[in-house]
Structure formats: structure tokens, C-alpha cells
2 protein chains.
Amino acid sequence: MNISDTERNAIYRNIYLRRDVRSDFKPDTIPDDVLMRILEAAHHAPSVGFMQPWDFIVVKSTEIRSRIKDGFEQANHEAAQLFTGERREKYESLKLEGIMESALGVCVTCDRQRTGKVVLGKTANPEMDIYSTVCAVHTIWLAARAENIGVGWVSIIHNEVLREALHIPEHIVPIAYLCMGYTTKFSETPELEKKRWQSRLPLEPLLHYDKW
Amino acid sequence: MNISDTERNAIYRNIYLRRDVRSDFKPDTIPDDVLMRILEAAHHAPSVGFMQPWDFIVVKSTEIRSRIKDGFEQANHEAAQLFTGERREKYESLKLEGIMESALGVCVTCDRQRTGKVVLGKTANPEMDIYSTVCAVHTIWLAARAENIGVGWVSIIHNEVLREALHIPEHIVPIAYLCMGYTTKFSETPELEKKRWQSRLPLEPLLHYDKW
């Protein structure tokens, strides 16, 4: 089951073309079979002890989304206060979510008790189930890009808002709320690089050999 | 910058063929340019506030790897005690790491202070930098698979062992230690499914619409 050079190039292209998308969403709906391909791929993400601790809540309701949008507005207002001067001005000019205008939202959660209390691979690192769920989130991102669908991770929101809006049970941890939809374009560079918020670091200083 | 249907198929194939590899490593070394392609791809993972909080420590030294292996043995012994009866017997029969026989190790870490104290997107969810680093880990996994290189995440090890063996500074958090190398084969199904430790869950009960 070798991956060919042609396939490899496509895989790298997908990794390099993936973007965090918060604007330029088109109103087009995502066909169910396309959405299912993406979520089925996410379900094939790696997980500690093959625990598959994720659940996926697909959010289309305008009413529920507007509650999530309110939660974003509140957290975003709190966040803006933490920046000062020019930096705050720039922060406030950025569009950081596409909750209402994207085709749908997907909330990805982690069930920390999914396969019992003792999980292979999680004994020394209890947070491994959370990390597995993040792998599922990233798989959604990449699979969506392969379908030419943009995804934005809305992290400026308190988990309690998601928990209440989506009726998430007490023992389940919200990990990500994603906005998803077809877009008019994918930016050539990350949005925060383009807007000169933060530049790409050179890789070389981040590489170490045998020891830090 | 559209992804074609052919490319899309390659991307899904990569996601489905990726495995957690702990055995069947070949002794072949990984050429530097191949390793760099993989790490450059990881450096293009998504990150909160474009923070790029990761570092990559490439570990080839036999001496350092054998210290890490000792750390695994200790944590694995502790873990085995948590299972009883038949389950413990099965646990002890599993090969859960390939530290010494893989071509190299890569430790992926998170610098929580990389771009200052206040980071866009991390104010309501401070763990977003950790999640970004996990996205880089998963990107390594997928890029390596695209190069027909197997990766195994060694989570049965205490972070303190990695910290000491690799001289990781106090303010840096180890996220993953990966074994990486060419393999004689990629298993058709996940190792833990094949060994009947845990079966794949049906996706349908994990899907929710608008509310849990």
C-alpha cells in the first residue's frame, strides 16, 4: 500500500494550501455525502488506545448559531481589552469568525471516559485523549480542504457557551467549534501573516539535534 | 488553487492508510531531504494566533534513545499494573514502541510563551497553543505516511524523562515523542483492532445534529 510520488505531491499541496478561513464564505450548502466523507475521515484520525473519544455535532440552526455568535462577541470583547494601542486597533479590525455566514458549524468534543477509566497509552499522559480529539479536528480541516471547503477554528469562545448552546453533557469536553463552508477564495498566506499581525518564523532555529 | 478529484482521492487514501507503527521498522536511514520535507510540512500546521509554538528535536543518538527506552519500560511497567487478568496478559503481549529499532525519534514540544503573554485566539482557551502543537504532530504523521515512512507516538513515558534526556528547558512542554522509520509493511487495520484490544466504533452514534 505504497503512496506514489504523484499522490505525495497532492498530500503536501493539501497541507500547504489549508487555511484558517473566517471570511469569503459562499452561501452554498455542503451536500450531505461530502460532509459525511469529511467526518468519516475524521473518525479515522489516530487515537490513544484506539479510544476514538470524539463526537461531532453538526450545527445548522440559525438560532443556535446566533447564541454561539453572541458567545464569540463576548469573549472577543474581553480579549480586545488585553491588547493596547495600535495592537488593539489592529485586533479589532480583524475578522476572527464566520459563524453565521458559513454553511454550518461542527463542534468536536472529547469523551474522556469512552472506553473506561484505564486506557492504554493514557496512563502516563492523561491528556492523550484530548490530543487524539485534536487530531480528528485537524483531519476535518485537511479533508475539508481536499473538498475545497474552508474551515475556521473559533477559539475565542468560552466552553460553557458551547456546552449550553449545544446541550453537551457534563462529562464531555468541547475541544473545537469549526465554521465550515465553500469559499470564494483561499488566501495565499495565513490571514494573520497577510495582515502583518505575526510573521512566519524561519524553521531552522526550531530544529534541534539529539538535545535542545 | 483548487484541489482536483484525483488529488482529493490521494489525500483521503493517505488519511486512511496512516497507522501508528511500533514494529516492522526497517534499518534504512531517512535521507535528510525527506526528513526536512516532513518537518517543513509540520511547520505549516495551523497555529493559534499564528504562534507556531513548536520545536522539533531529531533524536538519532543510541545513548539518548536508550535513556528514553528505559523511561518507556518504567512507565509501561506502571501501566501494566493497572490492568488485571486476561487484559493484563494481553497488554503485556503488545509491542507499544519502536524507540531503538526505528530510524530516528522526533520530540515535538510547545513553547507557551513564544509570541508573548497575550496571544490572539488563546485568551478564552489557554490550551490552544498545545492543540496547535498537536496539529503539527498529526501533520508529521500524515506527511511521513505520504513518504511511506511509519510513525509511532510513544505516549507511555513521563514528560520528565524526555525533559532530562533531551535537555528541554523548563518553560517548554513536551507534547509528543515519535518513532519514525521505513517499515516492511503498514498494517491494514490499526494494531489494537487487529489484536482485538478495541474495535472500531460505528460513526453514526457519534454524530449529533444541532444538539447533543
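**View 1. Ile11(A) sits where chain A comes closest to the rotation axis.** The C-alpha of Ile11(A) is 2.6 Å from that axis. Keep in mind that this is a predicted model, where local features need pLDDT of at least 70, side-chain atom pairs count only at pLDDT 80 or more, and totals for chains, interfaces and linings use all residues. Residues are numbered from 1 along each chain as its sequence is written, while chains are lettered from A and ligands numbered from 1 in the order in which they are written. Turn chain A by 180°, with 0.0 Å of shift along the axis, and it lands on chain B with an RMSD of 0.0 Å (superposed by least squares on the C-alpha atoms of residues with pLDDT of at least 70 in both copies). The two copies are therefore related as by a two-fold rotation axis.

**View 2. Here chain A meets chain B.** On each side, 82 residues are in contact with 82 of the other chain (contact: C-beta atoms, placed from the backbone, within 7 Å). Helix 5 of chain A gives the most to its side, with 11 residues (helices are DSSP runs of H or I, at least four residues, and strands are runs of E, at least two, numbered from the N terminus). Sorted by class, the side of chain A that touches chain B has 50 nonpolar, 19 polar and 13 charged residues (nonpolar: Ala, Val, Leu, Ile, Met, Phe, Trp, Tyr, Cys and Pro; charged: Asp, Glu, Lys and Arg; polar: the others, Gly among them). The copies meet through the same surface, because 100% of the interface residues of chain A are also interface residues in chain B.

**View 3. Helix 5 of chain A is mostly covered.** Of its 19 residues, 19 are buried (20 or more other C-beta atoms within 10 Å of a residue's own, all placed from the backbone; 12 or fewer would be exposed, and in between partly exposed). After this helix comes Asn148(A), with a positive phi near 60°.

**View 4. Five strands from both chains make an open, mixed sheet.** The order is 5(A)-1(B)-2(B)-4(B)-3(B) (strands pair if DSSP finds at least two bridges between them). At the edges are strand 5 (207-209) of chain A and strand 3 (149-153) of chain B, each pairing on one side only. Strand 5 of chain A runs parallel to strand 1 of chain B, joined by three bridges, and Leu207(A) stands opposite Phe56(B). Strands 2 and 4 of chain B run antiparallel, with eight bridges; look for Gly105(B) opposite Cys179(B).

Notes: Contact = placed C-beta atoms within 7 Å.
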